[in-house]
Amino acid sequence: TQADVRLAEDLARRAATSLDNGRLYTEAQEAVRARDSFLSVASHELNTPLTSLTLNVQALRRQLESPRASPGDVASESVSNKVMAVQRQLSRLSSLVRELLDVSRITAGKLRLEREELDLAALTRELVPRYAEELSRAGCLLRLEAPGPATGSWDRLRVEQVLQNLLSNAIKYGRGHPIEVSVGADAERAWLSVRDEGVGIALEAQPRLFHRFERLASERHYGGLGLGLWIVRQIVDAMGGRILVRSAPGQGSTFTVELPRLPPE
Ligand code: ADP
């Protein structure tokens, strides 16, 4: 009867709502779990450099308070090693804090992009030498392939940030193998590609790389908040570009960023 049909429809509607509620509930639980796990990862990541910073500064203070050592002897060498370690830990802390600030800025919709005429090739050539120390600590060689200029109108600091992120990851996950950075352009777009021959990423994990807080289980011992690639993706999207990854476990990864040479409408 018609009453039966109405009853069936009503039951179906209620079942669908309760399925929806079930799904929402699971999603909410998942979000709470992600938040809790992020807080624990973030505290740990901030605490590690802070602890060694404290120890290094205490040791430096003891050394400076002990009878003066003359320049060039063992004591002053160990002072300069400790100062270098302090610098590394400070820069690790600043980059973690910068990532956290960027996430708040992006989620609040406050990512503002400046524009100026830039040459991606020149910019990369300027930036790479800043990685000399990090590269040599990792025992890594870097080859830069930039056959011609790749000009466009972009935000300098954000483009640098994208490149820095991809380079740091290539060094971090590159297992000391050579890294290749290449830059090119055609009439509409410019691209930048960073290739390592390190740990690589399984195909099924690749879509998750650009999610917030995503750190692949197998790579946990490398440290990091899992925010870098999410931030890179947001910046590249805001510039009207795209980021692509090609990777295979044990063989390495290539991350390519393409940017339109003219800003999006
Ligand atoms: P993190 O700060 O943890 O490195 P990212 O967002 O930069 O965060 O990267 C997310 C995850 O993607 C990393 O934890 C790592 O598992 C993986 N990943 C990123 N770059 C590479 C790479 N070049 N080779 C292998 N895995 C990578």
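Student: Which hand does the crossing of α5 past α6 have, left or right?
Tutor: Left-handed. That word applies if the near helix is turned anticlockwise from the far one by less than a right angle, with clockwise giving right-handed. Bear in mind that this is a predicted model, where local features need pLDDT of at least 70 and side-chain atom pairs 80 or more, while totals for chains, interfaces and linings use all residues. Residues are numbered from 1 along each chain as its sequence is written, and side-chain values use heavy atoms, without hydrogens or water.

Student: What angle and axis distance describe the packing of α5 and α6?
Tutor: About 145°, with the axes 10 Å apart. The axes are lines fitted to C-alpha atoms over the stretch in contact, and angles run from 0 to 180 degrees between N-to-C directions. Contact means heavy atoms within 4.5 Å; N169 of α5 and L229 of α6 are among the residues making it.

Student: Why is the ligand's link to the side chain of D196 called a polar contact?
Tutor: The term asks for a pair of N or O atoms within 3.5 Å. A ligand nitrogen is 2.9 Å from an N or O atom in the D196 side chain, so the pair qualifies. K172 qualifies too: its side chain has an N or O atom 3.0 Å from a ligand oxygen.

Student: How much of the ligand's accessible area does the protein cover?
Tutor: 98% of the 540 Å² that the ligand has on its own, by the Shrake-Rupley method with a 1.4 Å probe.

Definitions and conventions. Polar contact = N/O pair within 3.5 Å; in protein donor to acceptor, adjacent residues only side chain to side chain. Helix = DSSP H or I, 4+ residues; strand = E, 2+ residues; numbered from the N terminus.
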